[in-house]
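Here are a few friendly notes to read alongside the structure. I hope they help as you look through it.

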Amino acid sequence: METPSGHPFLRHLPEEIAGLADLSLDLVWTWSHAADLLWKEMAPAVWAQTRNPWLILQSISQKHLEQLAKDRKFRARIGQLMQARHDYSSAQTWFGSVHPDSDVLVAYFSMEYGLAEALPLYSGGLGVLAGDHLKTASDLGVPLVAVGLLYQEGYFRQMLDARGRQLEIYPYNMPANMPITPVRDADGGWLGVPIELPGRTLILRAWQAQVGRVNLYLLDSNDPMNSPADRGITGKLYGGGVEMRLVQEIVLGVGGWRVLGALGLRPDVCHLNEGHAALVTLERARQFMQDNNIDFREALWATRAGNIFTTHTPVAAAFDTFPLALLAEYGATHYATQMGISPQELLALGRKHAEADGESFNMAYLAARTCGMINGVSQLHGTVSRRIFQELYPGWPQREVPVGYVTNGVHVSSWDSSWADKIWTGTCGKDRWLGMPEKLSCAIQALSDEALWTFRAEERSDLVHYARHRLARQLGQRGEGAEAIAQAGDILDPNVLTLGFARRFTEYKRPNLLLHDAERLARLLADQVRPVQLIVAGKAHPLDETGKRFIQAWTEFSRRPVVRAHVVFLEDYDMHLAQEMVQGVDVWINTPRRPWEASGTSGMKVLVNGGLNLSELDGWWAEAYSPEVGWALGDGMEHAEPEWDDEEAEQLYRLLEQEIVPMFYRRDAQGIPREWTARMRASMSRLAPQFSSNRMLQDYVRDAYLPAAAAYRRRSAGGGSLAKDLAAWEFSVKRHWHEIHLSNMEVQPRPGGWFFTLQVYLGEIPPEFVRVQMYADSPDDDAVAVQEMECQADIPGSIRGYIYRCFIATERPVVDFTPRVIAWHREARIPSEVNLIHWFSD
């Protein structure tokens with residue numbers, strides 16, 4: 001890898017302060033703020049605007065650098081920071097202590113990453129979650145590399161015109177100003193990876209972003225050797241049409257796997273953060289097939305065990321789909337030929353019905369069929385996802401559709417305020433987020449009401465001053481007059497209950513539910529005795545006109561004279577604004593239409609900072625909520641009727657008017673709202689550790705990464721010997737599955753249950769290739785019964801006909817139970833990898 005001293009964009013640094021290059025390129029500074037003051041002192045204006053240490057090194061004069069090199073105290077500070085960086089990178093980690101003998105490597109693929117504004121490669125929650133995932137992997141020492149795209153423009157920046165209409169701006173991302181380094185090949189040249197596209201070869205250059213212990217490799221098509229059109233493939237995030245999206249996903253999946261190979265990396269596990277990266281599963285199997293001289297089906301059996309698919313989508317319509325003709329244009333036939341299968345077989349992997357005319361190729365279906373594990377991102381989303389994917393597993397009960405869940409979490413150190421950091425450090429220690437989060441609850445419970453209320457007030461005050469400054473800057477950019485800009489200094493009050501709402505503005509998130517009765521909201525905000533203030537932010541997709549109208553409605557409301565000092569819409573919602581808001585608001589409001597919020601992590605970010613949640617019972621809040629920690633909207637059910645919005649708007653106003661506002665202003669003789677601080681304490685102690693990314697990543701390691709790596713290694717050993725056995729087993733059971741039939745079930749009552757006898761005819765299938773079971777469904781997960789039946793005798797005169805029996809201890813009626821046969825192999829994941837099932841019918 002390129003060393004900072006050889007970086008093509010690094011200007012000469014005096015030897016005495018050369019360590020600044022290492023400090024600026026290691027993105028640990030995005031969550032460890034020990035060096036913030038140093039960067040601020042070096043270039044106050046650049047730091048205030050960009051928070052980008054690497055850009056500071058590009059901007060500062062050589063004369064100033066020479067002066068700093070002569071400053072003994074400055075050199076000592078650099079030495080201390082370099083020592084702290086060394087201590088962090090060399091310290092014993094959670095993973096190293098819990099799994100000292102593991103040599104597993106995980107590769108994480110995501111279309112976007114939200115790490116810092118200095119590296120603007122994200123649009124929203126998916127990317128921010130990916131960034132938090134990498135930061136946590138660094139903190140916990142999880143052996144992980146990541147792959148993404150280096151966008152020349154990324155996602156749009158938002159401005160509002162004089163009427164409050166959203167404008168989309170696409171500033172250019174200059175690699176020279178970003179904390180990344182070129183990846184070099186073995187000969188010292190810039191690493192280039194080829195991908196075959198129709199009629200030409202695309203060259204992808206690779207960059208590295210160092211996220212503590214984790215390397216993030218970013219693919220870039222903006223190479224002079226490519227055509228002008230191809231140079232723009234990595235232009236906009238989620239920009240262009242269907243064809244551009246497909247090519248970007250080819251780059252991420254196929255190109256991403258090839259870059260890892262060129263670097264000599266052979267991951268055991270590929271973790272797909274959404275279906276955008278699904279093509280990596282095909283490229284991985286193709287490469288394994290070539291390396292081991294086996295066929296594609298055998299290679300897929302080997303590699304699938306090491307692939308994990310995390311879906312974030314709450315509705316099937318949101319999956320990426322592509323017309324078959326477009327896939328054919330981009331080489332599906334050639335790619336299938338390389339893998340020794342027909343184009344129809346290849347395309348069937350991404351389609352619900354292989355023979356259906358007109359059905360598009362679905363990346364989520366491809367991921368589901370080529371990954372050994374699938375998970376949603378909250379408990380409720382796991383249930384929703386099982387419903388979405390059920391059609392891929394015909395005949396299987398919804399509860400047995402192989403989709404689990406790992407509830408999202410947030411990288412707490414990236415989102416806590418300086419005051420929160422101080423109070424948590426004092427109670428739980430400096431290294432509290434580097435290990436097991438469960439141990440933190442008790443310490444926080446011991447905090448006094450006075451301490452909690454004081455730090456909450458400091459955070460709120462900081463947010464108010466930040467909002468005033470940001471609004472003044474936004475008005476100035478719009479060309480407003482000096483008087484309007486000066487008035488920005490009078491908005492909001494650091495002692496007033498502060499609500500926050502910041503979301504992507506789209507219909508299902510119902511961003512205007514609070515505006516359902518604008519007059520009622522205005523009265524609530526402008527109350528003379530118990531005033532309330534509200535900070536709103538968020539972007540609408542460039543093509544979402546409804547979302548843009550929502551934004552315009554909020555800006556028009558904020559201009560009403562009666563509420564002008566109480567509500568503000570801050571444009572260009574980004575990570576910096578998000579950090580300020582989650583650190584300073586008293587109550588975070590979230591109003592999605594259940595069950596369309598897969599998880600939602602913004603509300604998790606307020607927990608460490610003492611903020612409380614008022615949210616729909618959806619996503620993470622459906623499993624986090626209890627009356628002691630916040631407030632809930634809805635009844636925990638799904639409602640399609642439009643009038644339900646009226647009902648929930650009424651709930652929202654009533655909670656604010658009758659519970660939240662009175663509780664905030666109900667003070668004792670010392671001026672402290674004891675009921676409020678009790679909720680703060682409960683929320684911080686119970687929820688902040690539970691919904692941290694420490695817990696999330698430890699769940700992935702325990703339940704996904706290590707089991708997947710072990711299964712992959714078993715299947716790939718010996719050139720894929722076990723994978724060949726599995727492929728042969730699958731071929732055999734599929735070939736003869738139609739020969740199975742069940743008959744003559746007999747049931748006898750026995751003390752405490754039922755005794756079942758069943759005749760099973762398997763045709764040419766050996767009995768060890770299947771399992772015969774009795775199944776009883778139930779609305780209650782705990783009451784679902786699956787009982788294996790034992791093969792106890794041959795049926796005379798039959799070919800592979802057997803008598804199966806079992807006793808079931810139960811009080812349930814016999815009509816609840818139905819026999820079935822499923823394919824079975826001790827090393828196969830059923831029904832994820834083979835979904836064959838045969839039910840008894842009278």
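At which residue does α28 bend, and by about how many degrees?

1. Helix α28 bends by about 40° at Leu 656 (the angle between axes fitted to the seven residues ending there and the seven starting there). Its 23 residues, 643-665, should span 33 Å at 1.5 Å a residue, and the end C-alpha atoms are 33 Å apart, so the two agree (the expected span being 1.5 Å times one less than the number of residues).

2. A word on the basis: this is a predicted model, where local features need pLDDT of at least 70 and side-chain atom pairs pLDDT 80 or more, while totals for chains, interfaces and linings use all residues. Numbering starts from 1 along each chain as its sequence is written, and side-chain values use heavy atoms, without hydrogens and water.

3. Helix α8 (residues 125-140) and helix α30 (residues 693-736) have axes that come within 9 Å and cross at roughly 80°. That makes α8 roughly perpendicular to α30 (65 to 115 degrees). Residues in contact (heavy atoms within 4.5 Å) include Leu 129 and His 133 of α8, and Met 696 and Tyr 700 of α30. By class, this contact has seven nonpolar, five polar and one charged.

4. The whole structure holds 58 salt bridges (a side-chain nitrogen of Lys or Arg within 4 Å of a carboxyl oxygen of Asp or Glu). One joins Glu 545 and Arg 165, at 3.2 Å from N to O. Glu 545 lies in helix α24 and Arg 165 in the loop between β5 and β6, so the pair ties together parts 380 residues apart in sequence.

Note on methods: Axes are lines fitted to C-alpha atoms, for helices over the stretch in contact, and angles run from 0 to 180 degrees between N-to-C directions. Helices (H or I, at least four residues) and strands (E, at least two) are DSSP runs, numbered from the N terminus. Angles under 35 degrees count as roughly parallel, over 145 as roughly antiparallel, 65 to 115 as roughly perpendicular and the rest as oblique. Ala, Val, Leu, Ile, Met, Phe, Trp, Tyr, Cys and Pro count as nonpolar, Asp, Glu, Lys and Arg as charged, and the others, Gly among them, as polar.
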